[in-house]
Amino acid sequence: MSANTGSIKVGDKTVELPVRSGTIGPDVLDIGKLYAQTGAFTYDPGFTSTASCASGITYIDGDEGVLLHRGYPIDQLAEHGDFLETCYLLLYGELPTAAQKSDFDYRITRHTMVHEQMARFFQGFRRDAHPMAVMVGSVGALAAFYHDSTDITDPKQRMIASMRMIAKVPTLAAMAYKYTIGQPFVYPKNDLDYTSNFLNMCFAVPCEDYKVNPVLSRALDRIFILHADHEQNASTSTVRLAGSSGANPFACIAAGIACLWGPAHGGANEAALKMLAEIGTVDRIPEFIARAKDKNDPFRLMGFGHRVYKNYDPRAKIMQKTSHEVLAELGIKDEPLLDVALELERIALNDEYFIEKKLYPNVDFYSGITLKAMGFPTSMFTVLFAVARTVGWIAQWKEMIEDPGQKIGRPRQLYTGAPQRDYQPISKR
Ligand code: ACO
C-alpha cells in the first residue's frame, strides 16, 4: 500500500481510511474511525496484523532478520557498547557522550540498594518459590516502598522511578536467587560495574572472597543487551496496557514480568534447556524432530520459531558466539547439550518442515546453555531476561505516557455468548 489512503468495504459501504507511514517498515491502515463509519470492528486475536501504537524505540524486520534500537543494529551495540549504554540509548534516544555515560552509570549505581524492609518482605515467600513468582511479587511491592515516585504526571518522578527500576530489579533478582538457595543476601557494591555487581550479588558468599570473572561479566552484559527491548512483544504490550490506565510504573513492570514468565515468551530459554536435556544425545534428535512435525503431538522445538522473525534471529547468532566464549573460558570442552543444540540446529535448518514454516533458532535457543555454564539454575533464566528487559519496558512505558494522544487500551470483541434472555427463578431451571 503506497497511497495515503486505503479503503475497506463492509457490506455495501466502502470507507476511505488514512494510511500512515513510519520511517521504515510497513505502512499502517488507520482504522480508528472504522467502527463509527461502518459499525464493524476488526478481528485480529494475537495481533498478527495490528500495530497497537506508534513507537520510535525499536525496529524489527522479521523477514531480513534485522533488529535496530533507535536505528543502531543490535550486533553493533552488543559488540562495541555495554548494557548501560544501551539503557541510555533506549531511554533517551541517543548514544551518550562520555560525560553523559559516566553520569548515567553513577546515577544507576546509586540506586541499586533496596529498602531494608524488602528483606523482611522476602521472608513471606516459601523457600521453594519459583524466583519468577518472587519477582512478580517483589517488583510490584516496590510501589509500596517508593511511593514518592509513583506520580506518573510528574516527569521527574517518572525518571526517578525508571532509574530505580533499572537499578533495583537486578538486586531483587539476586535476592530471589539467594532466597531460594538459602544463602544470605549480598548487598550491591558500587565500585563494580552493573553486570559484575549482579554476578557478585548472585554468587558471592560472606565466608570467602569472590572475584567476578571479567569474561563472564562481559558475556552476561552482552546477553542483557540482546534482551533489552524487542518492540511490542507480549510483555511490553502488557506493560503498555497496564500503564494506559494510569497505573504506577512498578505495578506495570510487575505485570510485564508476569507475562514474560510464560513458556511461549521469556520462559522459552528454560524450556529450551529442559528440552535439550530431555533429548540428551545426538542420536535421539530425529525422534524429537519427528514429534515436532507431528500435528497430533503438542511438542514443539523450544527456542525455535518466532512471531516476527521469519529468518535467523539476529540475537541468536551473537548468543551462539557468546555461548562458545563462555564454555571456552570455563574450560568446558565437553558439553553434551551444546553438541545436541548444534546438531539440532543443523538438522532443523535443512528440514523441509522448518524451511517451509520459516522456523529458525531464536535468542533463547543458546542462552540456556550459556547461563547454565555460568552457574545459574534453569529457574533463574527467565529472571535474567526480566532484568535485561526492564529497561525496554520502562522506555516503552515512558514513551506511551509522554505521548499526548495516549488513551486507555480497550480492545473490543466478537461476542459469541448467549443472546439476551430472561432470568428464570431457580425453581424453574
Ligand atoms: N516447533 C515446531 N513447530 C512449530 C514451532 C516449533 N518451535 N513453532 C511454530 N511451529 C509451527 C506451528 O505448529 C504452526 O504449524 P501449522 O501452520 O502447520 O499449524 C506454524 O509453525 C506457525 O506456528 P504459530 O504457533 O502459528 O506461530 P506463532 O507466530 O503464533 O508462534 C512462537 C511463535 C510462539 C514463538 C512459536 O514459534 C513457538 O511456540 N516456539 C517455541 C517457543 C519459543 O521458543 N518461544 C520463544 C519466543 S522468542 C522470545 O520470547 C524471546
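1. Let's start with a small sheet in this predicted model. Three strands make up this open sheet, arranged in the order 4-5-6, and their pairing is antiparallel. Strand 4 (58-61) and strand 6 (72-73) are at the edges with a single partner strand each, so one side of each has no neighbour in the sheet. If sheets are new to you, it helps to know that their strands pair through backbone hydrogen bonds, either parallel or antiparallel.

2. Now look at how strand 5 meets strand 6. Strand 5 covers residues 66-69, and 2 bridges join strand 5 to strand 6, the two running antiparallel. To find this pairing on screen, look for His 69, which stands opposite Tyr 72 in strand 6.

3. There is also an open sheet of 3 strands with the order 1-2-3, again with antiparallel pairing. Which strands stand at its edges? They are strand 1 and strand 3; each has a single partner strand, so one side of each is left without a neighbour in the sheet.

4. Follow the chain from strand 1 into strand 2 and you will meet a hairpin, with 2 residues between the strands. Gly 11 sits in the turn and has a positive phi of about 65°. Strand 1 (residues 5-10) and strand 2 (residues 13-20) run antiparallel and are joined by 6 bridges. One pair to pick out is Lys 9 with its bridge partner in strand 2, Thr 14.

5. On to the pairing of strand 2 with strand 3. Strand 3 spans residues 28-29, and its antiparallel pairing with strand 2 runs over 2 bridges. Here Val 19 is opposite Leu 29 in strand 3. While you are looking at strands, keep in mind that in a regular strand the side chains alternate between the two faces of the sheet.

6. Next, the ligand. How many residues surround it? There are 20, and the closest are Lys 295, Arg 300, Leu 301, Gly 303 and Lys 357. By type, the shell around the ligand divides into 10 nonpolar, 5 polar and 5 charged residues.

7. Some contacts with the ligand are worth finding yourself. Arg 300 has a polar side-chain atom 2.9 Å from an oxygen atom of the ligand, and for a polar side-chain atom of Arg 307 the distance to an oxygen atom of the ligand is also 2.9 Å. Lys 357 places a polar side-chain atom 2.8 Å from an oxygen atom of the ligand. On its own the ligand has 920 Å² of accessible area, and the protein covers 74% of that.

8. Finally, have a look at the second largest pocket, with a volume of about 180 Å³. Its lining has 16 residues, and Asp 82, Asp 193, Tyr 194, Thr 195 and Asp 221 lie nearest the centre. At least two lining residues come from each of helix 3 (83-92), helix 4 (98-109), helix 8 (194-203) and helix 9 (214-226). Which helix gives the largest share of the lining? That is helix 9, with 4 residues. Sorted by type, the lining of this pocket has 5 nonpolar, 5 polar and 6 charged residues.

How values were computed: Residues numbered from 1 in each chain as written. Predicted model: local features only at pLDDT ≥ 70, side-chain atom pairs only at ≥ 80, totals over all residues. Heavy atoms only, no water. 1 Å grid on protein atoms, 1.4 Å probe; cavity = no way out; pocket = protein on both sides within 12 Å on 5 of 7 lines; lining within 4 Å. Points joined across faces, edges and corners; volume = space filled by probe spheres on them. Nonpolar A, V, L, I, M, F, W, Y, C, P; charged D, E, K, R; others polar. Near = heavy atom within 4 Å. Polar contact = N/O pair within 3.5 Å; in protein donor to acceptor, adjacent residues only side chain to side chain. Areas by Shrake-Rupley, 256 points an atom, 1.4 Å probe, with all protein chains shown as cover. Pairing = 2+ DSSP bridges.
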